[in-house]
Amino acid sequence: MATPKDLPDVGGFIRDLRRNAKISLRQLAEQAGVSNPYLSQIERGLRKPSAEVLQQLASALRVSTPAMYLRAGLLDDKEGHGVLAAIAVDADLTMAQKQSLSQIYETFRRENTRLTEAQAEAEAAQADQPASQAADLANVAATGPTTVGGTPTEAVLESVAVTEAGTAPAPGSTSIPQKKKAAEAAEEETS
């Protein structure tokens, strides 16, 4: 597990991210809404940025805000942030790989939270509904979102791919309306 002493200073981290993104100090300062001299001082370790400035820099550099906060020592190692820190300090990963892993990890955590909430709602509804309907709700809450003929994990990964690529479906995947049309066509052929 990485400790704050193992982590490079936040200024060096920001500088490395900026260089890997191949943008100038001036461009990053403009995108983050901070002054060029202030950003230069942060990168050289002369100034400690506020949480708000770190959030703006994280957004401009397209990294997760918790990862940026961990580097700055604003978050402790609770609630899985140690995983984000471990990803951030792994020398065998490229910056793009670190960003992708962090996004996937955070997506899985959000999905698990959503599933827990859905399961609690299903249990509450179970008392008010017939047994067959309550069992259906509990099954959906336990499995989470699925693609037509897919697995829950594929649905989460597709949502990450859509988040990263925009609104277009991930390469090699078919949108749900297209899959429904194909299923309807197959049903008509068998009838």
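Of the 191 residues in the protein chain, buried ones make up 30%, and I should say at once that what we are looking at is a predicted model. On the outside, the protein chain exposes about 12100 Å², and carbon and sulfur atoms supply 52% of that area.

As for the overall make-up, the protein chain has ten helices and zero strands, so that reading from the N terminus on, one passes through α-α-α-α-α-α-α-α-α-α. If we take the contacts in the protein chain with a separation of 6 or more, residues 24 or more positions apart account for 48% of them.

Let me now turn to two pairs of helices, beginning with helix α1, residues 10-20, and helix α4, residues 51-61, whose axes come within 10 Å and cross at roughly 20°. Because angles under 35 degrees count as roughly parallel, that crossing makes α1 roughly parallel to α4, and the crossing of these two helices is left-handed. Which residues make the contact? On the side of α1 they are V10, I14, L17 and R18, while α4 brings L54, L57 and L61. Sorted by class, this contact of α1 with α4 has six nonpolar residues, no polar ones and one charged residue.

The second pair is helix α2, residues 25-32, with helix α3, residues 36-43, and here the axes come within 9 Å and cross at roughly 110°. Since the range from 65 to 115 degrees counts as roughly perpendicular, α2 is roughly perpendicular to α3. In this contact L25, R26, L28 and A29 of α2 meet N36, L39, S40 and E43 of α3, and by class the residues divide into four nonpolar, two polar and two charged.

Finally, I would like to point out two residues in loops, and the first I take is K22, which is found in the loop between α1 and α2. The phi of K22 is near 60°, which is a positive value in a residue other than glycine. Is K22 buried or exposed? Its relative accessibility is 74%, and because the cut-off for exposed is over 50%, K22 counts as exposed.

The other residue is R62, in the loop between α4 and α5, the latter being residues 65-72. R62, too, has a positive phi, of about 60°, although it is not a glycine, and with a relative accessible area of 67%, R62 is exposed.

Notes: Residues are numbered from 1 along each chain as its sequence is written. This is a predicted model: local features need pLDDT of at least 70, side-chain atom pairs count only at pLDDT 80 or more; totals for chains, interfaces and linings use all residues. Side-chain values use heavy atoms; hydrogens and water are left out. Axes are lines fitted to C-alpha atoms, for helices over the stretch in contact, and angles run from 0 to 180 degrees between N-to-C directions. Helices (H or I, at least four residues) and strands (E, at least two) are DSSP runs, numbered from the N terminus. Angles under 35 degrees count as roughly parallel, over 145 as roughly antiparallel, 65 to 115 as roughly perpendicular and the rest as oblique. A crossing is left-handed if the near helix is turned anticlockwise from the far one by less than a right angle, and right-handed if clockwise. Contact means heavy atoms within 4.5 Å. Ala, Val, Leu, Ile, Met, Phe, Trp, Tyr, Cys and Pro count as nonpolar, Asp, Glu, Lys and Arg as charged, and the others, Gly among them, as polar. Buried means under 20% relative accessible area, exposed over 50%, partly exposed in between (1.4 Å probe, protein chains only). Accessible areas come from the Shrake-Rupley method with a 1.4 Å probe; for residues, only the protein chains shown count as cover.
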